[in-house]
Amino acid sequence: MPTRLRKVVFLWENFGPMHVDRLSALARAVADQWEIVGVQWTGKSTTYDWVAPDAKNFSLVTLFPDAAPASIGFRRKLWRTLSFCLKSKADAFFFSHYNDPVVIITSAILALTNKRVFGLLLSKFDDYDRKIRWEVFKSLILLPYAGFLTNRGRSEEYIRFLRGNKVPIAYGHNTLSVGEIRSLAGAAPAPGGAPHAERHFTAITRLVPKKNLAVLLDAYALYRQAVAAPRPLHICGSGELEAELRAKIAALNLGDLVVLRGFLQRPEIAHELAQSLALVLPSIEEQFGNVIIEAQAMGVPTIISHNCGALETLVRSGVNGFVVEPDNPAGLAFFMQWLHEDEDLWERMALGCAQFLPRADTPAFVDGVMKLL
Amino acid sequence: MTCIMFFWENFGPTHVDRCDAVARAMPRKSIVGIELNPASTTYAWTPETGQHFTKRTLRDGKSHWGALRTAFELVRASVNAGAKHVFLCHYNEPSVQIAAMLMRLMRKRVYLLLDSKFDDRPRSIWREALKAAWIWPYVGAIVGSRRSRQYLSFLGLSNARIENYYDTISVERIRRAAGVPPAPDGVDFHDRHFTIVSRLVAKKNLFVAVDAFALYVSRTNHPRRLRIFGDGGLDQELRDHVRELNLTEFVTFEGFQQADAVSQALGSTLVLIQSSSEEQFGFAIVEALAMGVPVIVSDNCGARDEFVRSGVNGFVIQSDNVEGIAFFLGRLASDQLLWERLSAGTGAFAAEADAISFAHSVGRLTESV
């Protein structure tokens, strides 16, 4: 007689490609023990224009299939989320968005009914200017969680600050399918594939203030002055600052070298990275920076700000990229020039990308989830 | 004449630098420095007395006082001096806390001198909540780094009442003691050595620095020397480690040296290495910058926030990154143009790290009342 599979539910606001990667990998790895259910509030993200692939090996439920993300009232959202979770008869739940009122109430009720609820949390203390009163409140709303899936370094320290040293913690929150990226790119990761001389700089980011793109353009302008034949800079993403950035590009006379490519779906991102010399991400605030995983999957060194949460997991300055301060356009330009001029250095950094990449591949997510379960 | 009082456990060279700078910048104010002990419990530096301010030592070094007695003597010193503004270090000491509360009740303006950061050590929300209550006597603060400011603001002090540049030095003193011009002038590029100035204790992460140096040595035909200045509990273990790595001919342990000798060593230094896993600030970093010396520092160092920009006046690395430190050592040791460029990049940061910046911060806090 077949034994009943245990059920685990994962909640994200909306499933993008990386969420599908994670649950597909998990479902494949534990098919004989666990039934994996993904639940999203809407079919469209409030933040990203991504198109997610179909769920493979797991079921994906959309609670408000026809609603726009901003149109769902609190009571409706709470009722449907809570009733779904209670009716699901799941053995465990993994919730993102710990600070959403619906998640706060749902996690508390589930915990009171003896369900195991785990947090998917990637915040860091240094993301914002924090205030002790709000942090005390936050430590209370995190009480229902039996453990957390997070990332190494600052995110782990932040959870331990809020919940103490004894709370179970596992790594692998920010992961995606490295194999999928490589397959979509249709080219070998660097230093294979496109030759050094033909590669350009790439930024893949939303065009919003915290991504610090004005400093990126200032750095690029310095780089352009420093080298004889500057490589183009491709900025991939959409957002509220697009007009402002276009104006700055024109003011710096960079129109022939900086290309705004708009929001790209995952296959186009993979193609873009296959042609990239380095990924540049000088964010002022960056909880992780998933694009760093995608770049390293394609052997592309990264020049990132120390604000990026991916730093501890993936990046070591002088090994597989460089770390700069977000107010340091001169330093950013300096490292761009280094990678532009020194092919041996670039090859060495490209090879260095493989060193920590397994920490951000989907098997790490599977390991982390199973450690908590 | 308005009196401004500063309190530290003991006055070393940098404390004197700062009090002297305040006294010079504010000649119409009376500046008083109060130290608890005639010698530091942490550093072997020679006690210093400034030229432009009055210093007083509370204890004779033999007697042991409890927190209440220390607090009482500290308050009494502030009353005797007629201090209206009091800047206190060591806020976590009960004696300092009691003194701060009493002074505040006496309507003195009490300020915090702080270079702690949230990321210095694992924190607990409940302990931090207590700390938020603990800092109520303070009406303002001077902090060592942006992270210190963020930490204090998190604890509840208004951002508008927090000033920068707590950890600053007299650039002129360093340069005078060095006896040579700052880099890239002075000692020839080829004759310079790597330097570590640090207590030999676990949080300074010196085994990683030595391992990185070993990696650098393995990749070059003519390695430069590494001179380690400082003393501490790990002295013998580090010497053993150096011996095991066959580095004894390249690494010298100089022991604790007074400020002038360190300045002289910085005068012939190629790069200062500070790879600490915990470092509230890192005074050696600003001393190196004063001598035009580029730095390789870990991102744990508070000094990084204001005074180091990677690729401009040094390189910032991660404290577990042996390979990265070795990479940057190799580059700076072999590329004179790069070294000269980074050395030239230290100038603006050295000016900012001068004790006059501290004096201006004191002025902004005390004159805004």
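Biologist: Where in chain A is A:K89?

Modeller: Bear in mind that this is a predicted model, where local features need pLDDT of at least 70, side-chain atom pairs count only at pLDDT 80 or more, and totals for chains, interfaces and linings use all residues. Residues are numbered from 1 along each chain as its sequence is written, while chains are lettered from A and ligands numbered from 1 in the order in which they are written. A:K89 sits in the loop between helix 2 (74-88) and strand 4 (92-95) of chain A, with helices (H or I, at least four residues) and strands (E, at least two) being DSSP runs numbered from the N terminus.

Biologist: Is A:K89 buried or exposed?

Modeller: Buried takes 20 or more other C-beta atoms, placed from the backbone, within 10 Å of a residue's own, exposed 12 or fewer, and partly exposed is in between. A:K89 has 10 such neighbours inside 10 Å, so A:K89 counts as exposed.

Biologist: Which residue follows A:A190 across a cis peptide bond?

Modeller: The bond in question has omega near 10°. The second residue lies in the loop between helix 6 (178-185) and strand 8 (200-204) of chain A. That makes the residue after A:A190 in this cis bond A:P191.

Biologist: How many residues does chain B bring to the contact with chain A?

Modeller: Two residues are in contact if their C-beta atoms, placed from the backbone, lie within 7 Å. Chain A gives 27 residues, and the number from chain B is 27.
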